[in-house]
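Thanks for coming. I have one structure to go through today, and I will take it piece by piece. Please have the viewer open.

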Amino acid sequence: MKDPIVCFARFVKNKFSYLRDFENGNIYFPSLQYFIDLEKNTNDCNIGDKAEGKIDIRLTAKDFSKSPLLDNKSLPLDSNLQIDLYPGLQEEECKRIGILSLIVIKLSDLKQIKSGVYKLKNNVLQDLYKMGLDDRILYLIRNQNGLLMQIHDLNYNANFVNYYGHISVNQIKEVYVHPIMFAFQKREQYKYQHEFRIAKNIDQSNYAYLPSIRKNLIKMDPKKLRDFEFHIK
């Protein structure tokens, strides 16, 4: 990779049962629908997101490679018409797909202090602190390769979240080729979350046992992240 993953991170609520489960590799996957309902019901647009599993986009006639149709009439490509689209997963699909949201820390997120020693860049720290750290414990997952191998063996889906601003019709078509990829699309306003996602079917259970997380796991106060040193060979 041109910009390798240094580690994953996750903020976990400082509650004994939550911390115990995470440290033991018993990981809870909330559904996409949970995050949709969270914003709709509480106006929480930090953790919640009413557009989960969908692409919330506004297109104009100029976004089409050929003239779009309206009432079987072709519109000119310079039309001022605006079309609001919400393509994506249906509600039942959003209830069946659970996700584990991780923060991904890449080499480009770090600044070198001395040979082999790095710290997080200030802009990355500012992004992470936007998430609200009250009553949270931070875990650094340093066995990222082991975790990705286990995810592959379990046949789960995993990828970086794609933060979109403007998106073309052709890009939407590409996502439709693999509909699960709608679970990895978020509006650009969430870019500060630096998210890497793991998705699985939760028809049987919201939980998954991921023992690879336990290896070389670091537990820390989020406020100490500013001074934390990453030692990279």
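Let me start with one residue, Phe160, which counts as partly exposed because its relative accessibility is 30%. Keep in mind throughout that this is a predicted model.

What lies over the face of Phe160? That is Lys106, at 5.4 Å from the ring centre.

Phe160 also has an aromatic partner. A pair of aromatic rings is described by the distance of the centres and the angle of the planes. Before the numbers for this pair, the total: the structure holds 8 aromatic pairs. I will show two of them.

The first on my list joins Phe22 and Tyr139. Their ring centres are 4.9 Å apart and their planes stand at 40 degrees, so this pair is tilted. Phe22 belongs to helix H1, residues 16-23, and Tyr139 to strand S10, residues 136-141, so the pair ties together parts that are 117 residues apart in sequence. Are these two residues buried or exposed? Both Phe22 and Tyr139 are buried.

Now back to Phe160. Its ring and that of Phe196 have their centres 5.2 Å apart, with the planes at 90 degrees, so that pair is edge-to-face. Phe160 is in strand S11, residues 157-160, while Phe196 is in strand S14, and the two residues are 36 apart, so to speak in distant parts of the chain. Phe196 has a relative accessible area of 4%, which means that Phe196 is buried. Ring pairs also bring in Phe8, giving a cluster of Phe8, Phe160 and Phe196.

Next, the sheets. In what order do the strands of the 6-stranded open sheet run? The order is S11-S14-S7-S1-S10-S16, and the pairing is antiparallel. S11 and strand S16, 218-220, are the edge strands, and each of them pairs on one side only. From one strand to the next, the twist averages 30 degrees.

Look at one pairing inside that sheet. Strand S1, residues 5-13, pairs with S10 in the antiparallel sense over 6 bridges. If you want a place to point at, Ala9 has Leu140 in S10 as its bridge partner. Helix H1, which we met with Phe22, lies across S1, S10 and S16. H1 runs at about 155 degrees to S1.

There is also an open sheet of 3 strands, in the order S8-S9-S17, with antiparallel pairing. Strand S8, 110-114, and strand S17, 230-231, are at the edges with a single partner strand each, so one side of each has no neighbour in the sheet. S8 and strand S9, residues 117-120, pair in the antiparallel sense over 4 bridges. There, Lys114 stands opposite Val117 in S9.

Now a loop. Where does Ile202 lie? Ile202 is in the loop between strand S14, 195-201, and strand S15, 207-209. Why does Ile202 count as buried? Because the relative accessible area of Ile202 is 10%, and the cut-off for buried is under 20%. Setting aside neighbours within four places in sequence, Ile202 is in contact with Phe29, Ser31, Lys95, Arg96, Ile97 and Gly98. Ile202 and Ile99 are 103 residues apart in sequence, yet 9.2 Å apart in space, C-alpha to C-alpha. One of those contacts, Phe29, has Lys200 over the face of its ring, at 5.9 Å from the ring centre.

Two residues have backbone angles to note. Asn43 is not a glycine, but its phi is positive, at about 65 degrees. Asn43 lies in the loop between helix H2, 32-42, and strand S3, 57-60, and counts as exposed because its relative accessibility is 65%. His194 is also a residue other than glycine with a positive phi, near 50 degrees. His194 sits in the loop between strand S13, 185-187, and S14, and is buried because its relative accessible area is 17%.

Last, the chain as a whole. How many helices and strands does the chain have? There are 6 helices and 17 strands. Of its 233 residues, 44% count as buried. Among contacts with a separation of 6 or more, 79% are between residues 24 or more positions apart. The chain exposes about 13500 Å², with 47% of that supplied by carbon and sulfur atoms.

How values were computed
Residues are numbered from 1 along each chain as its sequence is written. This is a predicted model: local features need pLDDT of at least 70, side-chain atom pairs count only at pLDDT 80 or more; totals for chains, interfaces and linings use all residues. Side-chain values use heavy atoms; hydrogens and water are left out. Buried means under 20% relative accessible area, exposed over 50%, partly exposed in between (1.4 Å probe, protein chains only). Contact means heavy atoms within 4.5 Å. Rings of Phe, Tyr and Trp (its six-membered ring) pair if their centres lie within 6.5 Å; planes under 30 degrees apart count as stacked, over 60 as edge-to-face and the rest as tilted. A charge sits over a ring if NZ of Lys or CZ of Arg is within 6 Å of the ring centre and within 35 degrees of the ring normal. Two strands pair if DSSP finds at least two bridges between them. Axes are lines fitted to C-alpha atoms, for helices over the stretch in contact, and angles run from 0 to 180 degrees between N-to-C directions. Accessible areas come from the Shrake-Rupley method with a 1.4 Å probe; for residues, only the protein chains shown count as cover.
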